[in-house]
Amino acid sequence: MFFERIGARYLQRDADCVVLSTPVVEEMLQPQGILHGGMSAYLAETVASDAASIGLDANKEYAVGLDLTSTHLLPVHQGDTIRSVATPVRRGGRVHIWKVEQFRESDGALFNVSQLTVYIKHRN
């Protein structure tokens with residue numbers, strides 16, 4: 001799985017906050033040598049979906065992403081580490097909204113802000 005291959009690991013996983021630490025490796029870069037925006041989005045959806053899943057009965061329901069917006073503010077380079085932090089904006093019955101802020105560990109700068117709308121689906 002790509003998530004494990006790049007060395008991502010959870011620092012915190014609870015109902016109010018999920019934090020993921022990910023080293024920036026060459027596979028994650030765009031041709032210009034900076035973090036690919038798709039990687040920011042991938043990590044954002046990963047932590048927000050995981051956060052939405054906490055507390056669900058995995059035998060009965062699961063979280064699926066409906067809409068992801070991702071705004072890139074600053075570049076990130078190989079060798080840095082990303083800290084992705086997911087917090088709830090709204091937890092409804094079937095629809096959740098999660099905010100994800102991503103920081104460069106080298107200087108603590110916020111480089112990306114994303115929002116994921118999640119649907120909680122019943123298993124058939």
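## Exercises on side-chain contacts in a predicted model

With rings of Phe, Tyr and Trp (its six-membered ring) paired if their centres lie within 6.5 Å, the count comes to 2 aromatic pairs. This is a predicted model, in which local features need pLDDT of at least 70 and side-chain atom pairs count only at pLDDT 80 or more, while totals for chains, interfaces and linings use all residues. Residues are numbered from 1 along each chain as its sequence is written, and side-chain values use heavy atoms, with hydrogens and water left out.

**Exercise 1. Classify the pair formed by the rings of Phe2 and Tyr42, and place both residues in the chain.**

Step 1: planes under 30 degrees apart count as stacked, over 60 as edge-to-face and the rest as tilted. The ring centres of Phe2 and Tyr42 are 6.0 Å apart and the planes stand at 70°, so this pair is edge-to-face.

Step 2: Phe2 belongs to helix H1 (residues 2–5) and Tyr42 to helix H2 (residues 37–53), so that the pair links distant parts of the chain, 40 residues apart. Helices here are DSSP runs (H or I, at least four residues) and strands likewise (E, at least two), numbered from the N terminus.

Step 3: buried means under 20% relative accessible area, exposed over 50%, and partly exposed in between (1.4 Å probe, protein chains only). Phe2, at 23%, is partly exposed, and Tyr42, at 29%, is partly exposed.

**Exercise 2. Describe the surroundings of the Tyr10 ring.**

Step 1: Tyr10 forms an aromatic pair with Phe3 that is tilted, with 5.7 Å from centre to centre and 35° between the planes. Phe3 is buried at 10% relative accessibility, whereas Tyr10 is partly exposed at 30%.

Step 2: Arg13 lies over the face of Tyr10, at 5.2 Å from the ring centre; the rule asks for NZ of Lys or CZ of Arg within 6 Å of the ring centre and within 35 degrees of the ring normal.

**Exercise 3. Compare the span of H2 with its expected value, and state how covered the helix is.**

Step 1: the expected span is 1.5 Å times one less than the number of residues. H2 has 17 residues and reaches 24 Å from its first C-alpha to its last, close to the 24 Å expected.

Step 2: 13 of the 17 residues of H2 are buried, which makes the helix mostly covered. Just after H2, Gly55 takes a positive phi of about 95°.

**Exercise 4. Which parts of the chain do the salt bridges Glu61–Arg94 and Arg83–Glu105 link?**

Step 1: the structure holds 6 salt bridges, each a side-chain nitrogen of Lys or Arg within 4 Å of a carboxyl oxygen of Asp or Glu.

Step 2: Glu61 and Arg94 meet at 3.1 Å, N to O. Glu61 is in strand S3 and Arg94 in the loop between strand S4 (81–91) and strand S5 (95–104), 33 residues apart. Glu61 is buried at 17%, whereas Arg94 is partly exposed at 28%.

Step 3: Arg83 and Glu105 meet at 2.7 Å, N to O. Arg83 lies in strand S4 and Glu105 in the loop between S5 and strand S6 (110–122), so the bridge ties together parts that are 22 residues apart in sequence. Arg83 is partly exposed at 25%, and Glu105 is partly exposed at 38%.
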